[in-house]
Amino acid sequence: MLISIVTLNYKKKEFTIACIHSLYKQYESDFKNNNMEVIIVDNDSKDGSVELIREEIKMHKFVNMHVIANNENNGFGTGCNIGTKKASGEFIVFLNNDTLVKDKGLIKMVNYCQNHQDISILGGQLRNFDGSLQPSTGKFYTLWYAILLLLGLQRFGVLDKSPNSIQKVDWVKGGLLMIRKDDFEKIGGFDEKIFMYTEDMELCYRAHLAGMNVYFYPDVLVLHKDQGSSNKTFAIVNIYKNLLYFYKKHRSFLEYQLLKFILVVKAKSLVGVGNITNNSYLKETYSKALQGI
């Protein structure tokens, strides 16, 4: 097996079904020739997802598509690790279930890795459904960079702008991340203490520490419904929590304390703004973020 695609489902069966249909449309011959497989990990949806997805696979006679039903939801990284343990491919592709694959870019990515043995991780360009580009790479969260991120500058295209050519980068987004299975196992897979968000950056950081190269590949057409698998409050709360965890694990104690101070100041400021403007979203979101710090 050349490629194992691992995708997670949690109460979004309609996204997952659309995703696997898009994959089979592009790669039917690869599935039938045992070059490609899809491993769908359901994180204990309890909404009939497992049965419906299995029925969809059976009804359309999709081959090399497997469903794993977890008995609990321990997050994105844990689910991906479980899926990878069942994978047979030389290359693992982590693909968000809220994506539609529109070309044969995954094969081009594998070919590029095969021709460049020094590359361990290769990320692909994600696009919005209107065709516009989504930020698909990023720089490691140094203290200064984290401050810029918390100021919201990524919303203006100042941060995490994807390159327009193949090049080495700090990290790539987990919505479309290819990695050699051997290298994934060498660095211990995703950190299972991170429930969701920043796990892709942390994985690439450990790859960097291990001397592995991370590259970005723009010539792929994958549409992504941003935050289709979660909501904004959930994302912000987890990003706050996980940034601190990353700093506690990988950065100095002083940097950790400084980041914590900055996070508290921002969250308290936005709760205050929420109180003044009667903005329930700001009050609820950043109160929850403070509780997680």
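This report describes helix packing, salt bridges, a buried helix and two loop residues in a predicted model.

## Packing of helices 7, 8 and 9

Two packed helices are described by the angle between their axes and the distance between the axes. For helix 7 (residues 199-209) and helix 8 (residues 232-250), the angle is about 15° and the axes lie 11 Å apart. Because angles under 35 degrees count as roughly parallel, helix 7 is described as roughly parallel to helix 8. The crossing of these two helices, helix 7 and helix 8, is right-handed. On the helix 7 side, the contact is made by Met201, Glu202, Tyr205, Arg206 and Leu209, and these meet Phe246, Lys249 and His250 of helix 8. By class, the residues of the contact between helix 7 and helix 8 comprise four that are nonpolar, one that is polar and three that are charged.

Helix 8 also packs against helix 9, here at an angle of about 165° and with the axes 9 Å apart. Since angles over 145 degrees count as roughly antiparallel, helix 8 and helix 9 are roughly antiparallel to each other. The crossing of helix 8 and helix 9 is left-handed. From helix 8, the residues Tyr240, Leu243, Leu244, Tyr247 and Lys248 take part, meeting Glu255, Tyr256, Leu259, Lys260, Leu263, Lys266 and Ala267 in helix 9. The residues of this contact of helix 8 with helix 9 divide into eight nonpolar and four charged, with no polar residue among them.

## Salt bridges

The structure holds ten salt bridges, and three of them are set out in the table below.

| Acidic residue | Basic residue | N to O distance |
|---|---|---|
| Aspartate 191 | Lysine 249 | 2.7 Å |
| Glutamate 255 | Arginine 251 | 3.3 Å |
| Glutamate 284 | Lysine 288 | 3.1 Å |

Which parts of the chain does the pair of aspartate 191 and lysine 249 tie together? Aspartate 191 lies in the loop between helix 6 (181-186) and helix 7, while lysine 249 lies in helix 8, so the salt bridge ties together parts that are 58 residues apart in sequence. The two partners fall into separate accessibility classes: aspartate 191 is buried, with a relative accessible area of 9%, whereas lysine 249 is partly exposed, with a relative accessible area of 36%. This pair also belongs to a network of salt bridges that links Asp191, Glu202, Arg206 and Lys249. Glu202, Arg206 and Lys249 appear as well among the residues through which helix 7 and helix 8 meet.

The side chains of arginine 251 and glutamate 255 meet in a salt bridge as well. Arginine 251 counts as partly exposed at 24% relative accessibility, and glutamate 255 likewise counts as partly exposed, at 21%. Glutamate 255 is also one of the helix 9 residues that meet helix 8.

The pair of glutamate 284 and lysine 288 lies within a single helix, helix 10, where the two residues are four residues apart, about one turn of the helix. Glutamate 284 is partly exposed at 44% relative accessibility, and lysine 288 is partly exposed at 38%.

## A buried helix

How is helix 3 (residues 76-85) placed relative to the rest of the structure? Eight of its ten residues are buried, so helix 3 is largely enclosed by the rest of the structure. The buried residues of helix 3 are Phe76, Gly77, Thr78, Gly79, Cys80, Asn81, Gly83 and Thr84. These buried residues pack against strand 1, strand 2 (36-42), strand 3 (65-69) and strand 4 (91-95), and also against helix 6 and helix 7.

## Two loop residues with positive phi

Lysine 11 has a phi near 60°, a positive value in a residue other than glycine. Lysine 11 is found in the loop between strand 1 (3-9) and helix 1 (13-32), and at 42% relative accessibility it counts as partly exposed.

Asparagine 278 also has a positive phi, near 55°, and is likewise a residue other than glycine. The loop that holds asparagine 278 runs between helix 9 (253-277) and helix 10 (280-292). With a relative accessibility of 61%, asparagine 278 counts as exposed.

Conventions. Residues numbered from 1 in each chain as written. Predicted model: local features only at pLDDT ≥ 70, side-chain atom pairs only at ≥ 80, totals over all residues. Heavy atoms only, no water. Axes fitted to C-alpha atoms, helices over the stretch in contact; angles between N-to-C directions. Parallel < 35°, antiparallel > 145°, perpendicular 65-115°, else oblique. Left-handed = near helix turned anticlockwise from the far one by under 90°. Contact = heavy atoms within 4.5 Å. Nonpolar A, V, L, I, M, F, W, Y, C, P; charged D, E, K, R; others polar. Buried < 20%, exposed > 50% of the residue type's maximum accessible area, 1.4 Å probe, protein only. Salt bridge = Lys/Arg side-chain N within 4 Å of Asp/Glu carboxyl O.
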